[in-house]
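Got your viewer open? Let's take a walk through the fold, one selection at a time.

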Amino acid sequence: MSAPSVEARRLLVSQVVASVDPRLQQALQGALSSPGPCPRPVGTQTVVIAGHRAAGKTRLLPLVSKLLGRAGLDLDAELERRHGRPLRSWVAESPTTFRAAERETLGLLPAGSVVAVGGGFLSHHPEALAGHFTLVVPVTFDTYRERLTADTTRPRLRTDVPLEEELHSLFHEREALHARVPTISLADFLRGCLAQEPA
């Protein structure tokens, strides 16, 4: 896959902005025209798309892959394919083996790929992201709550408490853990894509 032209990059960046949490689109668009860092992945550095559950990581995967001219992989789909086990039941029945498998599988994927990881990866495996270009997809609590309340296909993570309590506690606990991991903001990444010299 080759790197896109300047015009194609502009179009892809606008599609990324349109795909994120609607509550954040205006601020993200404004950040792109402000001065700031423009980080880019180096060489065959793997790009990891991380963030909360329901942030839109899977939706952004093909767009980020095209922006970088790299192959894209969804870690959850890879886990199901390699282990022949549905994630919903796996997470519910054996969260420890699931977490070990997701960490191991990331290390087995081709270097230089763009990989969308599950919502718990950033908080459960921060050390596994060392050396990777970790891009965080932002989401507000209100959007997170709305999406997870509406999506009954996702497994519950704390069935011993009401859903509302689960969502609130997980979001805020993971926010604190995410803040400790070296990551790249979506705004900085997109600014870097727009600033990239033509090939």
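## Start in the sheet

Select strand 1 (residues 47-50) and strand 4 (residues 133-136): they run parallel and are joined by four bridges. Helices (H or I, at least four residues) and strands (E, at least two) are DSSP runs, numbered from the N terminus, and two strands pair if DSSP finds at least two bridges between them. Before going on, keep in mind that this is a predicted model, in which local features need pLDDT of at least 70 and side-chain atom pairs count only at pLDDT 80 or more, while totals for chains, interfaces and linings use all residues. Residues are numbered from 1 along each chain as its sequence is written, and side-chain values use heavy atoms, with hydrogens and water left out.

Zoom in on the rungs between these two strands. Val47 has Phe133 as its bridge partner in strand 4, and Ala50 stands opposite Val136.

Now show the side chains of strand 1. Val47 and Ile49 point one way, Val48 and Ala50 the other way, and all are buried (under 20% relative accessible area with a 1.4 Å probe, protein chains only; exposed is over 50%, partly exposed in between). Strand 4 is also covered on both faces: Phe133 and Leu135 are buried on one side, Thr134 and Val136 on the other.

## Widen the selection

Which order do the five strands take? They form an open sheet in the order 2-3-1-4-5, with parallel pairing. Strand 2 (72-74) and strand 5 (184-185) are the edges, each pairing on one side only.

From strand 1, step across to strand 3: the two pair in the parallel sense over three bridges, and Val48 finds its bridge partner there in Val115. Going the other way, strand 4 runs parallel to strand 5, with two bridges joining them; look for Leu135 opposite Ile184.

Next, add helix 4 (residues 75-83). This helix packs on the sheet, touching strand 2 and strand 3 (114-116), and its direction makes about 65 degrees with that of strand 2. Contact here means heavy atoms within 4.5 Å; axes are lines fitted to C-alpha atoms, for helices over the stretch in contact, and angles run from 0 to 180 degrees between N-to-C directions.

## A helix pair

Select helix 2 (residues 25-32) and helix 10 (residues 186-195). They pack at an angle of about 45 degrees, with their axes 9 Å apart. Leu28, Ala31 and Leu32 of helix 2 meet Leu186, Ala187, Leu190, Arg191 and Leu194 of helix 10. Colour that set by character and you get seven nonpolar, no polar and one charged (Ala, Val, Leu, Ile, Met, Phe, Trp, Tyr, Cys and Pro count as nonpolar, Asp, Glu, Lys and Arg as charged, and the others, Gly among them, as polar).

## Two loop stops

Go to Ala54, in the loop between strand 1 and helix 3 (57-68). Check its backbone: phi is positive, about 65 degrees, although Ala54 is not a glycine. The residue is buried, with a relative accessible area of 8%.

Last stop: Asp21, in the loop between helix 1 (6-19) and helix 2. Is Asp21 buried or exposed? Asp21 counts as buried, at 0% relative accessibility. Leaving aside neighbours within four places in sequence, Asp21 is in contact with Pro138, Val139, Thr140, Thr143 and Arg147. For a sense of scale, draw a C-alpha to C-alpha distance from Asp21 to His83: they are 32 Å apart in space and 62 residues apart in sequence.
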